[in-house]
Amino acid sequence: MRKLQNTLYITTQGTYLHKERETLVVEQERKKVAQLPVHSIGHIFCFGNVLVSPFLMGFCGENNVNLAFFTEQGRYLGRLQGRQSGNILLRRAQYRLSETNPVPIARHIIAAKIQASKRVLQRYLRNYGENSAVQAAVVGLNSGLQQLKHAQDLERVRGIEGEAAARYFSVFQHLIAEKSGFAFDGRNRRPPRDGVNALLSFLYSILGRDISGALQGVGLDPQAGFLHADRPGRDSLAQDILEEFRAWWADRLALSLINRGQIKPQDFVSESSGAVTLKAEARKLLFQSLQAKKQEKIVHPFLQEEVEIGLLPYIQAMLLARHLRGDLAEYPPFLMR
């Protein structure tokens, strides 16, 4: 169990939640581990095998507590909310800002993405010494950050992001150990045509689904983004938030699996279409590694509280909702210092 701001995250399997007078009671193995006044809670996120009494469900509905359910891996299942939830106001604020003034949020997100990408490269330089190509990419990313400060329209923000991504991936091969046997000749997708790109795309896809569920859990529309254009079937807002996690979470995990020899070139298969995909056993190892990563703890740079990495999408969704409601002057994107 984790309480952050006004959101309660229940992640221990077998936990039972029920109502006792005006309070929420949390039990594990038939023992009471917490009792909280309901007026201090705005959201309850239940992951996996978490039982909730019918009386508590009704109580949450009456008291405007958002009760959301996810699989143990974080895939959104559904939520229960009372009539006077205010979510229509939240979504209207989201749609209004998305259409009239998306640049501030988009700029914050891309600034965090470029900073995170730069820090991945700087980490390599610290560990392995000078590399002129990687150092030049770092300089280029710094230039992008300076340009971003003056970007006043969405197309300019997107252009800076594209240039930064191209610089970053132009030296990504240097971050891959030669002994791994992997070659990387730039980012490609739809479909990915080599093992590194297949691994990156797979991780981005998993995290994107987690973020989409987290956004739905707080009442936001995952399809209405600020940076990515609207497109039928695409969760544009989830793709926006994913930008904050690509380098710090997905790229670093992929590099770790490759450089440690946990994922090998023979773990991939080439389809007749040209697409390269992970074999079943390697996919299982990837899921295990991702779940282990989610259980690691960090101090959240904005909240300054220790949290599990797996809760980061839900925390960022909560922070974005608070910004849209006017509780935060600006949206604080995720960026580890």
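Contact here means heavy atoms within 4.5 Å. With that in hand, the packing of a helix on a sheet can be described for this predicted model. Helix α1, residues 54-62, lies across the strands β3, β4 (23-28) and β7, and runs at about 65° to β3.

The sheet itself is open and consists of four strands in the order β5-β4-β3-β7, with mixed pairing. Its edges are formed by β5 (31-37) and β7 (51-52), each of which pairs on one side only. At the β7 edge, the partner is β3 (residues 16-20), and the two strands pair in the parallel sense over two bridges. Within this pairing, Y16 stands opposite L51 of β7.

A second packing arrangement involves two helices. The axes of α2 (residues 87-100) and α9 (residues 312-325) come within 9 Å and cross at roughly 85°. Because angles of 65 to 115 degrees count as roughly perpendicular, α2 is roughly perpendicular to α9. On the α2 side the contact is made by N87, L90, A93, Q94 and L97, and on the α9 side by A321, H323, L324 and R325. Sorted by class, the residues of this contact are five nonpolar, three polar and one charged.

Attention now turns to the pockets. Rolling a probe the size of a water molecule over the atoms shows where empty space is left. The largest pocket holds about 910 Å³ of space. Its lining comprises 34 residues, and R189, R190, Q239, E243 and R246 lie nearest the centre. Helices α3 (103-128), α5 (154-170), α6 (195-217) and α7 (236-259) each supply at least two residues of this lining. In chemical terms, the lining of the largest pocket divides into 14 nonpolar, seven polar and 13 charged residues.

The second largest pocket has a volume of about 560 Å³. Around it are 20 lining residues, with R123, R252, L255, S256 and R260 nearest the centre. Two or more residues of this lining come from each of α3, α7 and α8 (280-295). Helix α7 gives the most, with six residues. By class, the lining of the second largest pocket has nine nonpolar, five polar and six charged residues. Helices α3 and α7 thus appear in the descriptions of both pockets: each supplies at least two residues to the lining of the largest pocket, and each gives two or more to that of the second largest.

Terms used: Residues are numbered from 1 along each chain as its sequence is written. This is a predicted model: local features need pLDDT of at least 70, side-chain atom pairs count only at pLDDT 80 or more; totals for chains, interfaces and linings use all residues. Side-chain values use heavy atoms; hydrogens and water are left out. Two strands pair if DSSP finds at least two bridges between them. Axes are lines fitted to C-alpha atoms, for helices over the stretch in contact, and angles run from 0 to 180 degrees between N-to-C directions. On a 1 Å grid over the protein atoms alone, a cavity is a set of points where a 1.4 Å probe fits but cannot get out, and a pocket is an open set with protein on both sides within 12 Å along at least five of seven lines; lining residues have an atom within 4 Å of a point. Grid points are joined across faces, edges and corners, and a volume is the space filled by probe spheres set on the points. Ala, Val, Leu, Ile, Met, Phe, Trp, Tyr, Cys and Pro count as nonpolar, Asp, Glu, Lys and Arg as charged, and the others, Gly among them, as polar. Angles under 35 degrees count as roughly parallel, over 145 as roughly antiparallel, 65 to 115 as roughly perpendicular and the rest as oblique.
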